[in-house]
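I sat down with this one to look up a few things and jot them here. Feel free to follow along in the viewer.

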Amino acid sequence: MQKFPNKFFLILLVILCINCANASTYVSLAPSITEIIYALSAQNNLLGVSSACNYPREAKTKEIIGNNYFVNKEKIIRLNPDYILGIKSVQGINSNYLGK
C-alpha cells in the first residue's frame, strides 16, 4: 500500500524539477523516468539513460550510462548533468557506484 504514494511523489518531483528548472539537465537511471521526461517534451535536457531505457525509441539514441547493476561514473561526470534521477529499486543498487 505504501508503494503508490512513493511513485506519486517521484512523478511529482520529476515534473517539478523539469518545469521549475527548464535549463536543468538530467541523467535517467529508470525507464519510467525516461518516459516521463519524453512525455513532458523535455528530452532535449536528457543527457544520458540506462541501457533499460528503450521507450520511446528516441531514448535509445541517448548516451548509455550503465544498467541496473552498474553505472559508469566517468560517463556521468563527462555529461555533467544537473540531476541524476532514479527510483528506489534502481537507486539502491546504484548508490554504491554513484557515491553520496
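**Turns and odd backbone spots**

I started at N80, which sits in the loop between α3 and β4. I am working from a predicted model here. N80 is not a glycine, yet its phi is positive, at about 55°. Its relative accessibility is 58%, so I put N80 down as exposed.

I then went to S41, in the loop between α2 and β2. S41 comes just after α2, and its phi is near 55°, again positive in a residue other than glycine. At 58% relative accessibility, S41 counts as exposed. I flagged these spots because most residues other than glycine have a negative phi, and most peptide bonds are trans.

Which peptide bond is cis, with omega near -5°? I found it running from Y55 to P56. P56 belongs to the loop between β2 and β3.

**Confidence check**

Before going further I looked at pLDDT. The protein chain averages 78, and 65% of the residues score at least 70. Which element of the protein chain has the lowest mean pLDDT, and which the highest? Helix α4 (residues 88–98) has the lowest, at 54, and strand β3 (residues 63–64) has the highest, at 96. A reminder to myself: where pLDDT is low, the predicted coordinates should not be read in detail.

**Aromatic pair**

I searched the whole structure for aromatic pairs and got one. The ring centres of Y26 and Y83 lie 5.8 Å apart with their planes at 20°, so I noted the pair as stacked; the cut-off for stacked is under 30 degrees. Y26 is in strand β1 (residues 26–28) and Y83 in strand β4 (residues 83–85), so this pair links distant parts of the chain, 57 residues apart.

Are the two partners buried or exposed? Y26 has 0% relative accessibility and counts as buried, whereas Y83, at 34%, counts as partly exposed.

**Nonpolar cores**

Y26 turned up again in the largest nonpolar core, which has 11 residues. The other members are A30, I33, I37, Y38, A42, L46, V49, C53, A59 and L85. Two elements give two or more residues to this core: α2 (31–39) and β2 (46–49). I credited α2 with the most, at three residues.

I also recorded a second, separate core of six residues, with V27, I65, V71 and L79 among them. For context, nonpolar side chains tend to be buried together in soluble globular proteins.

Next I asked which residues of α2 are buried. They are I33, T34, I36, I37 and Y38. A helix fact for the margin: an α-helix has 3.6 residues a turn, so residues three or four places apart point the same way.

**S28 and its surroundings**

S28 is found in strand β1. With a relative accessible area of 0%, S28 is buried. What does the side chain of S28 make a polar contact with? I found the side chain of T34, at 2.7 Å.

I listed the contacts of S28, leaving aside neighbours within four places in sequence: I33, T34, L46, G48, V49, S50, C53, I65 and L85. Looking from the C53 side, with residues up to four places away not counted, I found S28, A30, P31, T34, A59 and K60.

**Salt bridges**

How many salt bridges did I count? The count is two.

In one, E63 pairs with K75, and their closest N and O atoms are 3.6 Å apart. E63 is in strand β3 and K75 in helix α3 (residues 73–79), 12 residues apart, and the pair links distant parts of the chain. Both partners are partly exposed: E63 has a relative accessible area of 27%, and K75 has 26%.

In the other, R78 pairs with E63, with the closest N and O atoms 3.0 Å apart. R78 lies in helix α3 and E63 in strand β3, so this bridge ties together parts that are 15 residues apart in sequence. R78 counts as exposed, at 54% relative accessibility.

My last note is that shared partners join E63, K75 and R78 into one salt-bridge network.

Note on methods. Residues numbered from 1 in each chain as written. Predicted model: local features only at pLDDT ≥ 70, side-chain atom pairs only at ≥ 80, totals over all residues. Heavy atoms only, no water. Phe/Tyr/Trp six-rings, centres within 6.5 Å; stacked < 30°, edge-to-face > 60°. Helix = DSSP H or I, 4+ residues; strand = E, 2+ residues; numbered from the N terminus. Buried < 20%, exposed > 50% of the residue type's maximum accessible area, 1.4 Å probe, protein only. Core = buried A, V, L, I, M, F, W, Y, C linked by side-chain atoms within 4.5 Å. Contact = heavy atoms within 4.5 Å. pLDDT = per-residue confidence, 0-100. Salt bridge = Lys/Arg side-chain N within 4 Å of Asp/Glu carboxyl O. Polar contact = N/O pair within 3.5 Å; in protein donor to acceptor, adjacent residues only side chain to side chain.
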